[in-house]
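Student: I am new to this structure and would like to learn how to read it. Could we go through it together, please?

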Amino acid sequence: MTMVGDAISHAVLPGIAIAYWLSQSRASLWMFLGAAIVGVGATIVIEVLRKKLRVQSDASIGMTFTSLFALGVVLITYWSDSVDLDQECVLYGEIAYVPFNLWLVDGVSYGPIALWSSGALLLVVLLYIIVGYKGLKMTSFNEDYAAVLGIAAGLWNLSLMSMVSLATVVSFESVGAILVVALLVAPAATAYLFIQRLKPLLIASASLGLVGALGGYGLSKVLETSIAGSIATVLGALFLIALIIHSLSARKTNGYAVEA
Amino acid sequence: MDPIFLKVLIGTTLLASSAAVVGAFSYLKGQSLVGDAIAHALLPGVVLAFLLGDGRNPIFLIVGALVSGLIAHYGIGYIQSRTKLKSDTAVSLVLSTFFGFGIMLMSLIQRSGQGQQAGLERYLLGKAAAITMDDVYIFSALAVLLMVGVGLFYKGFQLMTFNEDFASAIGLPVTFIRFTFTVLTVLAITIGIQTVGVVLMAALLITPSAAARAWTKSLPTMLLLAAVFAASSAITGTYISSAIPKMPTGPWVVLVLAFFGFGSLIFAPEKGWLAKRRRAMANQKKTVRENVLKLMYQQEERSDLNVVLSDTDILDIRAMRPEKLRNALRDLKRRLLVVEHGSGYALTELGRSEGRRVVRLHRLWELYLTERLGMAADHIHPGAETMEHVITPEIEELLVKELGNPELDPHQSPIPYEEA
């Protein structure tokens, strides 16, 4: 499922471009709406290609997001006079600029916009997980069983994907569409090497995400490098260390029985 | 013709068709997105090569990219085989962390202000318009290399794609073949990325194959078609981007490819969406027709008379959408299976025999389910409702033989045979 997240984070580009062009503002709400519509649309197209047309699942993801991204780039280029967005900003946003983009109401500053939107995102995600815990758990582990229990698996998948696009769009300006994937995937993957129970897994990934973010920020201060890139690097390094430990311990216990 | 346009045209065409051919094998293996990951994972290698050596030498950057891509490829393989992580988690993990590392290294260069990053920028966004004569030579060399590689290793690639265990069982050097394939793929991506950029590279690998697969099942035809789709998209895309000012080439090539891809998936005969839909509709209509004939036959069976039923009578016995019934009756009349009789319809001799056949299949299948599969008599009806429309005359014959020319079904209704 993780590649769908990556794909959506790219596919939303035309939605953002169109929203920007229509509203002529960089307000997150409009951009989010545009992105959400295209994101959900992309999810549906991917599902139709995979289930109805029997396209390989990798390929249905790949052809959908590349087409939409290409459309987005063409639209942005076409409207380049009125839409102040560029491909680079999408590929690797720069969190260092966030403090300059302030939320001003009648001349009074309430701090960086990204801080507010990320904070709101955190609340929404927490709320979503608390409310949807059971449905999400069932659909994530066993879609068929969930369906038997009368849980609308399709709806949960769709809502999960919408949350992924929400997280992506909010993170857009700060870390860019590709690096947000590192944030989405790396902590959970690292934790999953050792923990399989859902609740501890959630807590461990959130902590790892925090460690990665702080560590990456520290690294970028020392080396004076891109903050988002450094965070992804630290997250990658954490995974690498975990993988080495995992492989060594698997060998020691003569492992595959343990893993299986 | 404008020489710049011509260079771009030749370059993108060679590139797109080379990428399409390697992409086809990954497509068939169901690993298309590994190519996407490799495209992103090249970045740290390219930047390191730039930092360590002469940034303006394209060959140097290509070697860096190749090494980085190979590490990423084997890293994904390692994670997939040695941990419980899902394979797409492995792909996206490697993709994003390698790319992040690359971005971090790149910001080091930007800070130190070494300038001359043009060579690097190409690896991110792609710059088809900047294709030089040297690039055209490199692309041509690559295209030739790919064609020769695929030609020489065709059998090996084919077996590696469809049945790796079999390939190693007959003594093919699978590891070597896979390595060769990986090197070719990474090379194609390394070069392609400079034209269309990191994100859109996946399209060059995937979309031509998805389009070609909708038209054919044979591998050689598929490879050829994929290359043709890719080449024509490259030509059309280059042309469009040169005709409209400021337009980038890569995204247009990908958009044209998408047009071919989605077009094929919708319109291709047999495997296309429209064809499938048409078949499903035809099947549905046939089912409704057979249900109507069955119903009329059962009414005759009950009353021992030739019955005349109006559409409301039929709808009272079996609920269905009225317009579907009307269509079915019209079809049945045209096929001379029913005739209009006053305000209703009656079976013709042909229709009666057809209705009898459906009832017979239904009861034979119910008997088979209880007798041979040991199912309870009150659980068998829904299955038989489906199978009665599916069983062919050959299977019917086998059923009759298997059950020993049975007379009665599990509900003690007679099984109606055709009188000899």
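Tutor: Gladly! Let us start with burial: a residue is buried if 20 or more other C-beta atoms lie within 10 Å of its own, exposed if 12 or fewer, and partly exposed in between, with C-beta atoms placed from the backbone. In chain A, 44% of the 260 residues count as buried. Please keep in mind that this is a predicted model, where local features need pLDDT of at least 70, side-chain atom pairs count only at pLDDT 80 or more, and totals for chains, interfaces and linings use all residues. Residues are numbered from 1 along each chain as its sequence is written, while chains are lettered from A and ligands numbered from 1 in the order in which they are written.

Student: How many helices and strands are there in chain A?

Tutor: Helices (H or I, at least four residues) and strands (E, at least two) are DSSP runs, numbered from the N terminus. Chain A has eleven helices and two strands. Their order from the N terminus is α-α-α-α-α-β-β-α-α-α-α-α-α.

Student: How many residues does each chain bring to the contact?

Tutor: Two residues are in contact if their C-beta atoms, placed from the backbone, lie within 7 Å. Here 50 residues come from chain A and 49 residues from chain B. On the side of chain A that touches chain B, α4(A) gives the largest share, 13 residues. By class, that side has 29 nonpolar residues (Ala, Val, Leu, Ile, Met, Phe, Trp, Tyr, Cys and Pro), five charged ones (Asp, Glu, Lys and Arg) and 16 polar ones (the others, Gly among them).

Student: Which residues have a positive phi without being glycine?

Tutor: One of them is Glu224(A), with a phi of about 55°. Glu224(A) sits in the loop between α9 (198-223) and α10 of chain A, and is partly exposed because 13 other C-beta atoms lie within 10 Å. Another is Asn405(B), whose phi is near 40°. Asn405(B) belongs to the segment after α18 (393-403) of chain B and counts as exposed, because it has 8 C-beta neighbours inside 10 Å.

Student: What span should helix α16 of chain B have?

Tutor: The expected span is 1.5 Å times one less than the number of residues. For the 23 residues of α16(B), residues 349-371, that gives 33 Å, and the end C-alpha atoms are 32 Å apart, which agrees.

Student: Is α16(B) mostly covered or mostly open?

Tutor: Mostly covered: 17 of the 23 residues of α16(B) are buried.
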